[in-house]
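Please work through the exercises below with the sequence and the structure at hand, trying each task before reading its solution.

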Amino acid sequence: MALCNLTMAPQSGPDQKCGGFHMTSLAYVAISFSLDQQIPQIQTTEFEGLEDVHVNGLSLLSFHKQLVEIDSTSNHEHTASLYLKQFLENAGLTVELQPIHDNYEIRYNVYAYYGKTRDTKVVVTSHFDTVPPYIPYSINGTKIFGRGTSDAKGSVASQTFAFLSLLENNEIKEGDVSLLFVVGEEVSGTGMLEANNLGAKWDIAIFGEPTELKLGVGHKGAVVFTLDVEGHASHSGYPQLGISAGEIIIPVLNKLINSEWPVDDKLGPSTLNIGRFEGGVAANVIPAHASAQALIRVSGQLDRVIELIEEAAADIDHLTLNIRSKAEPVYLDYEVPGFESIVLAYFTDVPNLKLPLKSRYLYGPGTILVAHGDDEYVENSDLVEAVDGYKRLVAHALSEL
């Protein structure tokens, strides 16, 4: 099966068939893709000593590397979506691009399936956007570093090769499984929300996130809110002439910090993070403005969490509370023979896929403990083991139907 041809060439323009993009890693090259050319076998010693998975001459590690080397920071996933389209098409799949129209560059969800049947029994899905900043691809021992290596391009790569392996071995047929890779998960969920409008139907979804190769029992919901205070500036020697925004907002934050947030038997305690706090201009000026942005990871009783936030901010002059978003905790299917389970504190795209499903699974290579950090990495063995894990999950899901 043909892949796009890798060529050393000047950076190609957007009007070419497959798009052009700059690769930033151990070497700086430009890659152009052409549907009319076939990719040669990739001959490299870069992965010497590492485990790999090959399907029809394609390399899991090479695919993962190429995907990580494309900067697909949230809202800037255009090039990565074109790359995925070309790779999957030339691997023999039918591929659709679903455009995302907003205030950012045009980019696409990528939906792929075998043959002509759009509705499938199982959809295997993850996101290919990443948090900033971009971190180049590198290898140290058995650890593969770079932005998105774990969250969640590791899942995308392992899911893709699980699908291709099942297809090659005639373990799935047309209409059984599809792949859905979305944008925007790290910032707004816009990609998965738009995927609800694809017009495709599925019975079971297998989501990909770094879960340490365990099945997620569930994950916490979230409440994001801001507090803003408009006071009045004055000379600090005459505080009676001003209204201190700091003296208004700090007691509210202290009350929130000392609140007793709900606890769930499975998902544990709800937790508060005051992620941003700012106010004032100088030590000798009564601060006229102060603001805070906070996020609560909700393990249960979402209404009670909202109530506690509103109580802390109630009846306070000059203070405005804005609850920007809220989402319930998510419980998942996790009892599958041969898999361990894990409770997750982070939020995912799972609740953003709102179509009716019989079962939802969450699984993937890597750990969230290094995702979003400067040292993000995935273990080589995780990528390989996840291919088998996704294959077993697909087989289990099909057996349910």
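The exercises that follow concern a predicted model.

**Exercise 1.** Find which residues of the largest nonpolar core touch the most other members, and which helix gives the largest share of this core.

*Solution.* Begin with the core itself, which has 58 residues, and among these Leu88, Leu93 and Phe161 touch the most other members. Next, turn to the helices: the largest share, nine residues, comes from helix α7, which spans residues 380-400. Then look around Phe161, which, leaving aside its neighbours within four places in sequence, is in contact with residues including Val53, Leu58, Phe87 and Val387. Finally, note a second, separate core of 24 residues, which includes Phe225, Ala294, Leu308 and Ala313.

**Exercise 2.** Describe how helix α1 and α7 cross, and name the residues that make the contact.

*Solution.* First take the axes of α1 (residues 60-69) and α7, which come within 11 Å and cross at roughly 115°. Because angles of 65 to 115 degrees count as roughly perpendicular, α1 is roughly perpendicular to α7. The crossing of α1 with α7 is right-handed. The contact is made by Leu60, Leu61 and His64 of α1, together with Asn380, Leu383, Val384 and Val387 of α7. Sorted by character, the residues of this contact are five nonpolar, two polar and no charged.

**Exercise 3.** Decide whether Ala283 is buried or exposed.

*Solution.* Start by locating Ala283, which lies in the loop between β16 (271-279) and β17 (289-298). Its relative accessibility is 85%, and since exposed means over 50%, Ala283 counts as exposed. As a last step, compare Ala283 with His235: the two are 48 residues apart along the chain, and their C-alpha atoms are separated by 9.9 Å.

Notes: Residues are numbered from 1 along each chain as its sequence is written. This is a predicted model: local features need pLDDT of at least 70, side-chain atom pairs count only at pLDDT 80 or more; totals for chains, interfaces and linings use all residues. Side-chain values use heavy atoms; hydrogens and water are left out. A nonpolar core is a set of buried Ala, Val, Leu, Ile, Met, Phe, Trp, Tyr and Cys residues joined through side-chain atoms within 4.5 Å. Buried means under 20% relative accessible area, exposed over 50%, partly exposed in between (1.4 Å probe, protein chains only). Helices (H or I, at least four residues) and strands (E, at least two) are DSSP runs, numbered from the N terminus. Contact means heavy atoms within 4.5 Å. Axes are lines fitted to C-alpha atoms, for helices over the stretch in contact, and angles run from 0 to 180 degrees between N-to-C directions. Angles under 35 degrees count as roughly parallel, over 145 as roughly antiparallel, 65 to 115 as roughly perpendicular and the rest as oblique. A crossing is left-handed if the near helix is turned anticlockwise from the far one by less than a right angle, and right-handed if clockwise. Ala, Val, Leu, Ile, Met, Phe, Trp, Tyr, Cys and Pro count as nonpolar, Asp, Glu, Lys and Arg as charged, and the others, Gly among them, as polar.
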